[in-house]
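Thank you all for making time this morning. I would like to walk you through one fold, starting with its sheet and then moving to what packs against that sheet.

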Amino acid sequence: MIQVHYFARYRELLGSDGETVAWEPAMACLRDLRERLAGRGGPWAQTLGQANLMCARNQELCTLDEPLCDGDDIAFFPPVTGG
């Protein structure tokens, strides 16, 4: 199982702070997980389909090419801005 967390604006848009997703061997990297979730359509496609999406695997920032394993803890969040 993969624990997925949604932060900031993503949590609001999706109406959820997270969920558990069954891991499958076909989900080799975070990109595969994102595509599966965005495939739900509606706000999922709009939110997780964004090109500038940020993500973390096991509490470390990473890219969508990061390998995905059963038991991982994944976070998706919007880009951070500051001044």
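Before I point at any pair of residues, let me say that two strands count as paired here if DSSP finds at least two bridges between them. Helices (H or I, at least four residues) and strands (E, at least two) are themselves DSSP runs, numbered from the N terminus. With that in hand, C55 stands opposite F76 in strand 5, and C55 also stands opposite C62 in strand 4.

Please keep in mind that this is a predicted model, in which local features need pLDDT of at least 70 and side-chain atom pairs count only at pLDDT 80 or more, while totals for chains, interfaces and linings use all residues. Residues are numbered from 1 along each chain as its sequence is written, and side-chain values use heavy atoms, with hydrogens and water left out.

Now to the sheet as a whole. In which order do the 5 strands of the open sheet lie? The order is 2-1-5-3-4, and the pairing is mixed. Strand 2 (18–21) and strand 4 (60–62) stand at the edges with a single partner strand each, so one side of each is left without a neighbour in the sheet. On average, neighbouring strands are turned by 25° against each other, direction ignored, where axes are lines fitted to C-alpha atoms, for helices over the stretch in contact, and angles run from 0 to 180 degrees between N-to-C directions.

Going through the pairings, strand 1 and strand 2 run antiparallel and are joined by 4 bridges, with I2 standing opposite V21. Strand 1 and strand 5, by contrast, run parallel, again with 4 bridges, and there Q3 stands opposite D73. Strand 3 and strand 5 are antiparallel and share 4 bridges, whereas 3 bridges join strand 3 to strand 4, also antiparallel, with A56 and L61 as bridge partners.

Strand 3 and strand 4 form a hairpin with 2 residues between them, and the loop deserves a careful look. N58, which lies in that loop, has a positive phi of about 50° although it is not a glycine, and Q59, in the loop between strand 3 and strand 4 as well, has a positive phi of about 70°, again without being a glycine. As for accessibility, buried means under 20% relative accessible area, exposed over 50%, and partly exposed in between, with a 1.4 Å probe and protein chains only. N58 counts as partly exposed because its relative accessibility is 38%, while Q59 is exposed, at 75%. R57, in strand 3 (residues 54–57), counts as buried because its relative accessibility is 18%. Its contacts, meaning heavy atoms within 4.5 Å, include E66, D72 and D73, not counting residues up to four places away in sequence.

Let me turn to strand 1, where the side chains alternate: I2, V4 and Y6 point to one face and are buried, while Q3 and H5 point to the other and are not. What lies across the sheet strands? Helix 2 lies across strand 1, strand 2, strand 3, strand 4 and strand 5, running at about 65° to strand 5.

That brings us to the largest nonpolar core, which has 20 residues, those with the most contacts inside it being V4, Y6, L33, L37, L48 and F76. Such a core is a set of buried Ala, Val, Leu, Ile, Met, Phe, Trp, Tyr and Cys residues joined through side-chain atoms within 4.5 Å. Strand 1, helix 1, helix 2, helix 3 and strand 5 each give two or more residues to it, and the largest share, 4 residues, comes from helix 2.

Finally, I would like to dwell on Y6, whose contacts include L37, W44, L48 and F76, not counting residues up to four places away in sequence. The structure holds 1 aromatic pair; Y6 and W44 form it edge-to-face, at 5.6 Å centre to centre and 70° between the planes. Y6 lies in strand 1 and W44 in helix 3, so the pair ties together parts that are 38 residues apart in sequence. For the cut-offs, rings of Phe, Tyr and Trp (its six-membered ring) pair if their centres lie within 6.5 Å, and planes under 30 degrees apart count as stacked, over 60 as edge-to-face and the rest as tilted. Both Y6 and W44 are buried.
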